[in-house]
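Visitor: I'd like a close look at one part of this protein. Could you walk me through it slowly, as I'm new to reading structures?

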Amino acid sequence: MTATILDGKATATAIKDELRARVAALPAPPGLGTILVGDDPGSHAYVAGKHRDCAEVGIASIRYDLPATATQQEVEAAVRALNEDPACTGYIVQLPLPAGLDEQRILELIDPDKDADGLHPTNLGRLVLNIPAPLPCTPNGIVQLLRRHNVPINGAEVTAIGRGTTAGRPLGLIFTRKSENATVTLCHTGTRDLAAHTRTADIVIVAAGSAALLTRDMVKPGAAVLDVGVTRIVDETTGKARLVGDVAPDVAEVAGYLAPMPGGVGPMTRAMLLANVVDLAERRSTNA
Ligand SMILES: Nc1nc(=O)c2c([nH]1)NC[C@@H]1CN(c3ccc(C(=O)N[C@@H](CCC(=O)O)C(=O)O)cc3)C=[N+]21
């Protein structure tokens, strides 16, 4: 057996087509803001990609690019400016921030009703309490990817590896809602027998950031496997860097479905950022 590919790129394209129609029906175009601090090339590439996505669906872009030397006060001023900017529907502070900045304090200053990442403490609290709010993009993208490929979630045994704030931790909250109704096992570095938990799972989500952590012997035949991890590996002979996921290539020989890295969960994460902005804009226009 070889796994059916859960094509995140094609699915994200379909979602963006739907979002473009919803944007066109709004009284005014929504705006996504980004705050980028420093000159990490990876972060620059991600932010550029987000603005390209916005242009594709008709969302306006508002960019704050600050130098690596920016002070806490300067970053906080950019956050306050976006909180007050009526053209900004939602925004993100690109992570990680340069060392020396108080990341937690900056993130807490974001207006929760403009939180495009869905990672503000208030919105994570709303998720726990089942109050409508922007959802964390990575786990929401995983749910959408599975739904659109008719992979059953209701009653499924889901094993996730990784308890990070952007993926593993909120994933447990989303998959255990009544609307998803899955049983979640959240594994991490303290898990004694990882394979015992992955082998019984119908859906395995690997968000540990550990290259090729999940191998074929750890997967139940026919299970859905989603690769969230990204590790940069520099080839010793060529000196070239490449991105490696958390799922070993031979997993494709036993899994029923596979969301690969690249081309799986990453593009869905980006599409969910746009979806959060459009949701916020619609909520704003109906409450106006
Ligand atoms: N405030 C904030 N929000 C984020 O959502 C956020 C962040 N900071 N900091 C960095 C991480 C990383 N992240 C990715 C999103 C999409 C791909 C993606 O689309 N990857 C492509 C290709 C890989 C690539 O081109 O790098 C793929 O998987 O096919 C990757 C990584 C969002 N992040």
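Which residues does UniProt list for "domain: Tetrahydrofolate dehydrogenase/cyclohydrolase NAD(P)-binding"? Please take me around that part.

Guide: Happy to. Keep in mind that this is a predicted model. UniProt, in an unreviewed entry, lists residues 136-284 for that feature. Over this stretch the chain is 30% helix and 19% strand, and the C-alpha atoms at its two ends sit 19 Å apart.

Let's begin with the sheet. Six strands form an open sheet, and their order is β1-β11-β8-β7-β5-β6. The pairing is parallel. At the edges you'll find β1 (4-5) and β6 (183-187), each of which pairs on one side only. Now pick out strand β5 (residues 157-161) and strand β7 (residues 203-206): they run parallel and are joined by four bridges. If you want one of those spots to click on, try A160, whose bridge partner in β7 is I205.

Follow the chain on from β5 and you come to a loop. G162 has its place in the loop between β5 and α7 (168-175), and R163 lies in that loop too. The two are worth a stop: an unreviewed UniProt entry carries the annotation "binding site" for G162, R163, G164 and V230. How do G162 and R163 sit? G162 counts as buried because it has 23 C-beta neighbours inside 10 Å, and the cut-off for buried is 20 or more. R163 has 18 other C-beta atoms within 10 Å, so it is partly exposed. Their contacts are easy to trace as well. Leaving out residues up to four places away in sequence, G162 touches A167, G168, H188, A207 and A208. With the same kind of neighbours left aside, those within four places, R163 is in contact with G168, R169, L186 and H188. So G168 and H188 turn up for G162 and again for R163.

Next, the nonpolar side of the story. In soluble globular proteins, nonpolar side chains tend to be buried together. Here the largest nonpolar core has 80 residues, and I205, V206, V225, A255 and L274 touch the most other members. Helix α9 (residues 265-287) gives the most to this core, with 11 residues. You've already met I205, as the bridge partner of A160. V225 is a good one to zoom in on: leaving aside neighbours within four places in sequence, V225 is in contact with V204, L214, V219, V247, V251, A255, Y257 and L258. Notice A255 in that list; A255 is also among the core residues that touch the most other members.

Finally, let's step back to see where this part sits. The chain is divided into domain 1 (28-128) and domain 2 (137-267). Six residues from domain 1 and five residues from domain 2 take part in the contact between them. Taken over C-alpha atoms, the centres of domain 1 and domain 2 are separated by 27 Å. For a quick glance at the other side, UniProt (again an unreviewed entry) places "domain: Tetrahydrofolate dehydrogenase/cyclohydrolase catalytic" at residues 6-117. Over those residues the chain is 48% helix and 16% strand. One thing to spot there is a right-handed β-α-β unit, made by β2, helix α2 (residues 41-57) and β3.

How values were computed
Residues numbered from 1 in each chain as written. Predicted model: local features only at pLDDT ≥ 70, side-chain atom pairs only at ≥ 80, totals over all residues. Right-handed = clockwise from strand over helix to strand, strands pointing away. UniProt positions renumbered as here; feature names shortened; annotations may be inferred. Core = buried A, V, L, I, M, F, W, Y, C linked by C-beta atoms within 7 Å. Buried ≥ 20, exposed ≤ 12 C-beta atoms within 10 Å, placed from the backbone. Contact = placed C-beta atoms within 7 Å. Domains from an automatic or database assignment. Pairing = 2+ DSSP bridges.
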